[in-house]
Amino acid sequence: MSADSAKKTNKDRKKLGEILTERKIISETILQQALGEQKVSGQRLGELLVDRGWVLADEINRALASQMETEVADLGSYVITPEILSLVSEEDARRFNIMPLFKTNDIFYVAMVNPNDVFAIDHLQQQTGLKIKSLLAIAVDLSWAIEQYYKSEETVEDLLAIINQEDLIRGEKEQEVNIVKLVNILISKAVHSRASDIHIEPEDKIVSVRYRVDGVLRKEHVLPKSLQTAVISRIKILANLDISERRLPQDGRVRLKIESKNIDFRVSTCATVYGENLVLRVLDKTGLVLGLPSLGIGDDDLKKFKKMLSASYGIVLVTGPTGSGKTTTLYSALQVLNKEDVNIMTVEDPVEYQFHGMRQVQVNTKIGLDFAKALRSFLRQDPDIIMVGEIRDLETAEIATQAALTGHLVFSTLHTNDAPTSFTRLVEMGIAPFLVSSSILGVVAQRLIRKVCPVCKFECKLTSEVMAAMSLDESKFSDVVFYKAKGCKKCNNTGYKGRLGIFEVLYNTPKIQELILNGSSNIQIQKIAQAEGMTTLRQAALDSAVAGITTLDEVVRLTRNVDID
């Protein structure tokens, strides 16, 4: 492919916005609004559309692939052999953003961020003597693949072998640089592993480093006890924390650039008997996929959720434990409602992601700014929509209820195991049943369930004993094929890769309102809700297992405290 033919292709091919409107992915109005914002921000159109929640990243990738007349490469589905890797040097892979995939006869298939990069293609053809077939790859996935397959010059083990404790104490510059490198590798590896949290945990004689991936903690490294202070001090310096204070908890934030991405980390310290425990929450906005379709809510439940969003006033609650995706659901809902003619205000602890067009306030207990005080001030700021990070106490619950009953649409979260319990929890807090009944539009309970690894999964059938233990009807499930996974390189030997949301959507119908007014229990509310068509969390999880998306082990692990009936 010559440079002249590439120019002709660039000139003749359709623009991204044109493809998206033709496919009815966005309207002409949305396109024009995005183009207007693009002129101000200078951001790429595809990135802007994804950030605003108007288009899913997958839809952008498919449109780009169509524009470039190529295909999208799912790098996670390839097993790349050393023979194929040897055809492209690590230097060229990083220089041209290329990942070799496979070879058939004299055609060499490679993944590229820009499949029409004629200079890279010409270079590869000269180096290999093969015809090059380029596929489109997402930049994040390609960076991950390069790190996975090409061994970097220095590893954690390499650095641990050359760091000298005595030289470090004396302040040797080279040793301090090695600590910086060590921390950088620990953080970058966590990002490439899709970790949501990094735990630096001092023990009696060692320091453990654990990553939380797909909701489960796993040990990645063991550091010598002698490096504990240096490693923790380095991270505290990055987060602008006081390195001399080792007794009181501290919280900070840092933004780092990793593989051309700006990633935020929330840093928390806590003194333990073995020294300061440190946790970094990874806030990778580039990996945040917003939009109601991307949440994975079933069609019937999505209709109920959209009905809540279309109301002009009332409270919408999202419930679930920490790390169950509540914030993503709330942000997705707000992105749908985030328009020029509405005023959206949020109070969060902390503000995890910042969005254009919303007024976001962060809780600051040091100056007395809590949820209740911020919420009270919002009512004097002419809001249409309010998001409260969490209803933790009676005061916040009362103000949220007052706001909902005076014409505001309010979003918030509660920590309850299921949707029906949210009503009784508010009553237990001290909110009058008639206020709960009239102010709550509905509740969305959710969990994130791990997806079985598509590479190493295998079929398995259930025994009668297992079905009885899980209260499954043998007549319905005896012929159903379920899956387990052995564990492989692609899933880091866990058997799982990625997570999927499961949901329990309870719309507050007249029958439910009557139950709340009568002081009914959450069990009674659940029975009526199910009779009216509510899918429970257990059923949603079981449906995912039947569809081959997850395993029964995961269904039991995630919903063991949720009733099956």
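A residue is called buried when its relative accessible area is under 20%, exposed when it is over 50%, and partly exposed in between. In the predicted model described here, Asp197 has a relative accessibility of 6% and therefore counts as buried. The partner of Asp197 in a salt bridge is Arg281, and the closest N and O atoms of this pair are 2.6 Å apart. The bridge links distant parts of the chain, since Asp197 belongs to strand β4 and Arg281 to strand β9 (residues 275–283), with their positions 84 residues apart in the numbering. Arg281, with a relative accessibility of 22%, counts as partly exposed, so that a buried acid is here joined to a partly exposed base.

Side chains of opposite charge can pair when their charged atoms come close. In this model the count of salt bridges comes to 17, and several of them can be placed with respect to the helices, strands and loops of the chain. One is formed by Asp214 and Arg194, whose closest N and O atoms lie 3.1 Å apart. This pair also links distant parts of the chain: Asp214 is in the loop between β5 (206–213) and β6 (216–224), whereas Arg194 is in the loop between α12 (173–192) and β4 (195–202), and the two are 20 residues apart. Asp214 is buried because its relative accessible area is 8%, while Arg194, at 38%, counts as partly exposed.

A salt bridge within a single helix is found between Glu90 and Arg94, with 3.0 Å between the closest N and O atoms. Both residues lie in helix α7 (residues 90–96), and their separation of four residues corresponds to about one turn of the helix. Glu90 has a relative accessible area of 25% and is therefore partly exposed; Arg94 is partly exposed as well, with a value of 33%.

Strands of a sheet pair through backbone hydrogen bonds, either parallel or antiparallel. One open sheet of the model consists of three strands in the order β1-β2-β3, with mixed pairing. Its edge strands, each of which pairs on one side only, are β1 (98–104) and β3 (131–136), and the twist from one strand to the next averages 25°. Six bridges connect β1 with strand β2 (residues 107–112), and this pairing is antiparallel; within it, Lys103 has Phe108 of β2 as its bridge partner. Helix α8 (residues 118–128) lies across β1, β2 and β3, and runs at about 140° to β3.

Another open sheet is built from seven strands, which follow one another in the order β12-β11-β13-β14-β10-β15-β18, again with mixed pairing. The edge positions are held by β12 (358–362) and β18 (496–507), each of which pairs on one side only. When direction is ignored, neighbouring strands of this sheet are turned by 20° against each other on average. Strand β11 (residues 344–348) and strand β13 (residues 385–388) run parallel and are joined by four bridges, and Thr346 stands opposite Met387 in β13. Helix α15 (residues 299–309) packs on the sheet and touches β10 (314–319), β14 (409–414), β15 (440–452) and β18, its direction making about 60° with that of β18. Helix α26 (residues 552–559) also packs on the sheet, where its contacts are with β15 and β18, and its direction makes about 140° with that of β15.

Some details of the backbone were also examined. A cis peptide bond, with an omega of about -5°, joins Asp349 and Pro350, and Pro350 is located in the loop between β11 and β12. Asn240, although not a glycine, has a positive phi of about 60°; this residue lies in the loop between α13 (228–238) and β7 (250–258), and counts as exposed because its relative accessibility is 71%. A positive phi, near 55°, is likewise found for Asn492, which is not a glycine either. Asn492 is part of the loop between β17 (482–485) and β18, and its relative accessibility of 40% means that Asn492 counts as partly exposed.

How values were computed
Residues numbered from 1 in each chain as written. Predicted model: local features only at pLDDT ≥ 70, side-chain atom pairs only at ≥ 80, totals over all residues. Heavy atoms only, no water. Pairing = 2+ DSSP bridges. Axes fitted to C-alpha atoms, helices over the stretch in contact; angles between N-to-C directions. Contact = heavy atoms within 4.5 Å. Buried < 20%, exposed > 50% of the residue type's maximum accessible area, 1.4 Å probe, protein only. Salt bridge = Lys/Arg side-chain N within 4 Å of Asp/Glu carboxyl O.
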